[in-house]
Amino acid sequence: MELKGKRIVMTGVTGFIGSHVARLLLEEGAEVYGLVRPSSDNKGRLPVHENMHAVYGSLTEAETCLEAAGPADGFLHFAWAGVNREEIDSPSVQAANVDASLACVRAAEKLGCGIFMDAGSRVEYGIMEDGIMEESRQCHPVNEYGKAKLEFYHRARALCKERGMTFYHLRFFSVYGRGDHPWSIISTLVHKLPRGETVALSACRHRWNFMEISDAARAVVELYRHSDQRAGCIRIVNVASEDTRPLRDFVEEIHRLCKNRGHLEYGTFVQAREGALSICPTVDVLRELTDGTWIEQVSFARGIGKLLDEG
């Protein structure tokens with residue numbers, strides 16, 4: 001599909017993943033209409049481009065505000081409140097997210113969109129004894145955030161099927177890079193180790209998967225590009241790297257790239273509610289839906305090197 005001239009509506013356009021996706025779409029010649037909260041602290045992330053159109057309003061107002069975008073080809077929904085540690089387990093905050101997100105599906109229908117894509121999460125899978133996270137497996141989310149993302153998928157699936165819209169529910173794994181949360185393990189390590197500081201860690205024996213942001217953004221754009229061949233298709237898609245290994249391997253690699261400055265203190269960090277779960281995603285669906293065009297380009301060493309160079 002030629003993206004030049006496509007009219008694409010987005011929420012979360014000033015977010016970590018959304019802002020990178022928007023830049024790629026704009027580079028391809030698309031017209032992007034992004035919902036931006038007037039009180040957002042991240043307005044500086046909004047891409048500066050003649051084809052970038054900001055529509056100001058909150059997520060709860062999306063259905064009304066985005067009518068100003070006029071007819072559109074696709075809707076990318078990347079906004080979601082309450083992803084901080086204080087609200088990630090709040091039933092009321094997460095329920096409000098589900099309601100606002102379903103309103104975005106209705107907005108997509110009003111705008112005449114042929115495809116709706118949203119940002120799901122690896123936490124929807126919950127506890128998998130073998131760690132293998134494949135899209136067809138039954139999910140057992142632990143926290144309210146994961147439960148809400150999964151509930152939205154099921155309810156949005158029914159709406160999109162009824163309306164004949166293509167629907168890709170993208171389950172992102174651990175995406176890192178410029179603009180990531182400052183409390184993430186990658187952000188913490190690349191900030192503290194070069195300064196010679198000590199980083200408290202879990203035992204880091206479980207398997208993990210990291211994906212650099214530019215690869216994640218390209219995956220979204222490639223999925224969109226090839227979606228015209230799959231009208232009405234409804235799929236869950238893991239957006240992840242093919243590099244899965246014990247977390248300690250990643251940590252030690254970062255330490256080496258930091259010239260062994262700083263100190264790693266294993267076994268002193270308190271685990272999240274779900275504990276030390278192994279993560280081993282499959283990416284066969286991502287390859288299938290992009291007709292094999294998506295290939296990971298940024299190695300872990302290169303991605304960390306970019307962050308260290310940026311300071």
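1. Helices here are DSSP runs of H or I with at least four residues, numbered from the N terminus. The model is predicted. With that naming, α5 (185-192) and α9 (300-310) each give at least two residues to the lining of the second largest pocket.

2. The second largest pocket holds about 330 Å³ of space. Its lining counts 18 residues, and those closest to its centre are Val190, His191, Leu307, Leu308 and Gly311. The lining is mixed in class: seven residues are nonpolar, five are polar and six are charged.

3. Now the interior. The largest nonpolar core has 40 residues. Met10, Val21, Leu25, Leu76, Leu170 and Phe172 have the most contacts inside this core. Several elements feed the core with at least two residues each. The strands among them are β1 (7-11), β2 (31-36), β5 (115-121), β7 (166-172) and β11 (234-239). The helices are α1 (16-27), α6 (213-225) and α8 (284-289). The largest share, eight residues, comes from α6.

4. Leu25 is a good place to look inside that core. Beyond its neighbours within four places in sequence, Leu25 is in contact with Leu3, Ile8, Met10, Ala30, Val32, Leu76 and Val221. A second core, separate from the largest, has 35 residues. Phe75, Cys104, Phe116 and Tyr145 belong to this second core.

5. Helix α6 deserves its own check. The helix has 13 residues, and its first and last C-alpha atoms are 18 Å apart. That is close to the 18 Å expected at 1.5 Å a residue. α6 is also mostly covered, with 12 of its 13 residues buried. The buried set includes nonpolar names such as Ile213, Val220, Val221 and Leu223. Charged residues are buried in α6 as well, among them Asp215, Arg218, Glu222 and Arg225.

6. Helix α4 (residues 144-163) passes the same kind of length check. It has 20 residues, which should span 28 Å at 1.5 Å a residue; its end C-alpha atoms are 28 Å apart, so the two values agree. Its buried residues include Tyr145, Leu150, Phe152, Tyr153 and Leu159. Lys149 is on the buried list too. The buried residues of α4 pack against α3, β5, β7 and β11. Just after the helix, Gly164 takes a positive phi of about 75°.

7. Two residues that are not glycine need a look at their backbone. Most residues other than glycine have a negative phi. Lys259 has a positive phi of about 60°. Lys259 sits in the loop between α7 (247-257) and β13 (263-265). Its relative accessible area is 63%, so Lys259 counts as exposed. Asp291 has a positive phi of about 55°. Asp291 is in the loop between α8 and α9. Its relative accessible area is 40%, so Asp291 counts as partly exposed.

8. Is Ser19 buried or exposed? Ser19 is in helix α1. Its relative accessibility is 2%, and buried means under 20%, so Ser19 is buried. Leaving out residues up to four places away in sequence, Ser19 touches Gly12, Val13, Thr14, Arg45 and Pro47.

9. Asn97 is a polar residue in helix α3 (residues 91-110). At 3% relative accessible area, Asn97 counts as buried. Outside the four places to either side in sequence, Asn97 is in contact with Leu59, Trp80 and Ala81. Thr188 lies 91 residues from Asn97 in sequence. In space, their C-alpha atoms are 28 Å apart.

10. Where is Cys113? Cys113 is in the loop between α3 and β5. Although in a loop, Cys113 is buried, with a relative accessible area of 6%. Not counting residues up to four places away in sequence, Cys113 touches Ala72, Asp73, Gly74, Phe75, Ala108 and Met165. Phe75 is also a member of the second core. Cys160 is 47 residues from Cys113 along the chain, and their C-alpha atoms are separated by 11 Å. Cys160 is one of the buried residues of α4.

How values were computed:
Residues are numbered from 1 along each chain as its sequence is written. This is a predicted model: local features need pLDDT of at least 70, side-chain atom pairs count only at pLDDT 80 or more; totals for chains, interfaces and linings use all residues. Side-chain values use heavy atoms; hydrogens and water are left out. On a 1 Å grid over the protein atoms alone, a cavity is a set of points where a 1.4 Å probe fits but cannot get out, and a pocket is an open set with protein on both sides within 12 Å along at least five of seven lines; lining residues have an atom within 4 Å of a point. Grid points are joined across faces, edges and corners, and a volume is the space filled by probe spheres set on the points. A nonpolar core is a set of buried Ala, Val, Leu, Ile, Met, Phe, Trp, Tyr and Cys residues joined through side-chain atoms within 4.5 Å. Buried means under 20% relative accessible area, exposed over 50%, partly exposed in between (1.4 Å probe, protein chains only). Contact means heavy atoms within 4.5 Å. The expected span of a helix is 1.5 Å times one less than its number of residues.
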